[in-house]
Amino acid sequence: MSDTVRIGSGAGFAGDRIDAAVDLVRDGALNDLVLECLAERTIALAHSRRRVDPSRGYDLHAEQRFRALLPEAIPRGVRILSNLGAANPPAAGRLALRVAEEYGLRCRVAVVTGDDVLDLIDHEAPALEDGKPLSSHGEIVSANAYLGADSLLAGLRAGADVVITGRVADPSLFVAALIDRFGWDIDDEDMMAAATLAGHLLECGTQVSGGYFADPGYKSVPGLDVLGLPFADIARDGTMTIGKLDGTGGLIDRRTVREQLLYELGDPGAYKTPDVTLDVYGVALKEVAPDRVHVGGAVGRRRPEELKVSVGYRAGFRGEAEISYAGLGCVDRARLAGDIAAARIRRSGIDPRIDLIGTLDTPNSMSNGECRLRVAAMTDSSDHAEHVTREVESLYLNGPAGGGGVRTTVTDVIGILSTFIDRNDVVSHTEVLETT
């Protein structure tokens, strides 16, 4: 076994760029690439897509990712681990296999299921957000438990080139790869803490290498147009160095790493994951070279007895519409249009939100000024939401002069709640698929 494992981050969210992940696989000398593609709302929306088409429900960009990454990763022996299976990991696994076969690649794909606990949760259990019963918020459409690293180990030990999961805790994707590479004991709390820390620092992709960090005049980041994804060199003792490919844009220093370290932790002394309770108070950061930060000092304590569950429910419909006004007095005309639309919409018992978009002082006195009106409202039916958008569209002839460029949308809104489930009630399953 090697004394150092290099894991790269291939995505930090569902809409992440693909080119940078290809560069990292091609030039990064990786052992593993992890693509973290799920958020709470992402998986709930994926369930909605699967209800419409049972063959769908996985990451919207899954095929693009497979076509870009498999021909680079498999010949290099770089394993891919990802939760892009979303609401339908088996379909995503079959897609990966089909793409591999099209490229003439020998590939073994492990598909992990068991996170869908819609039939297991107590719908009358209190939501963590407000203490009210889950069912009181509306029709529950999805419930996915955050599985831990243990759910991925069967697939990795079966020699999978690709592991596809649904809702697995973000750091756990990285933890599983490290357990398998180093042979770490899953009950070794300090090693699980070190692995979880590595996963936490990498799970949001370029957020640790300068993305979402730049603030001109305050925090400068070079080369954001060629921003590089990060990797971590993790040693057997759990210490690590965070870096990125030389020649790529972005920045890795104590500031970027510290921001990501504290991101979403809640209690820095007790960040609860399915694998361990992580304490980062003793974590030390040291810049050891340009775009290289050494990290160590994570402490682990007993993992929780319960798993967090992300619950999606139908929260209603959002009607949203915009219209622009241009020329002298455009702000005043847009404001009047908003007053008119709001009055008409309120007669239907709907209270809309009215926003003016733009620099609201100068354009009013400029012949080429422009201001955009946005009207939005949450409603209990799609018909009511469409009424909101129609009232904005009607401003073409039934409002102030100079309106144009109307855009309207009606969206079925999925709300998100959280609850817990006993980890012993959740059983993961692994299916291994192979090219012929």
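The radius of gyration of this chain, taken from a predicted model, is 24 Å, and because a compact globule of 436 residues would have a value near 22 Å, the two agree. Along the principal axes, the C-alpha trace spans about 75 × 50 × 50 Å, and the secondary structure that fills this extent comes to 11 helices and 18 strands.

How the chain packs against itself can be followed through its contacts and its burial. Of the contacts with a separation of 6 or more, 76% join residues that are 24 or more positions apart, while buried residues, meaning those under 20% relative accessible area, make up 54% of the 436 residues.

In soluble globular proteins, nonpolar side chains tend to be buried together. Here the largest nonpolar core holds 64 residues, of which Ile-7, Leu-178, Leu-197, Ile-234, Ile-242 and Val-295 touch the most other members. Taking Leu-178 as an example, and leaving aside residues up to four places away in sequence, its contacts are Val-5, Ile-7, Gly-183, Trp-184, Ala-195, Ala-198 and Ile-234. A second core, separate from the one just described, has 38 residues, among them Phe-66, Val-78, Leu-95 and Leu-245.

Turning to the surface, the chain exposes about 18900 Å², and 48% of that area is supplied by carbon and sulfur atoms. As for charge, the chain carries 65 negative side chains and 46 positive ones, and the centres of these two sets lie 3 Å apart.

Conventions. Residues numbered from 1 in each chain as written. Predicted model: local features only at pLDDT ≥ 70, side-chain atom pairs only at ≥ 80, totals over all residues. Heavy atoms only, no water. Helix = DSSP H or I, 4+ residues; strand = E, 2+ residues; numbered from the N terminus. Rg over C-alpha atoms; globule rule 2.2 N^0.38 Å. Buried < 20%, exposed > 50% of the residue type's maximum accessible area, 1.4 Å probe, protein only. Contact = heavy atoms within 4.5 Å. Areas by Shrake-Rupley, 256 points an atom, 1.4 Å probe, with all protein chains shown as cover. Lys, Arg positive; Asp, Glu negative; His and termini not counted. Charge placed at Lys NZ, Arg CZ, Asp CG, Glu CD. Core = buried A, V, L, I, M, F, W, Y, C linked by side-chain atoms within 4.5 Å.
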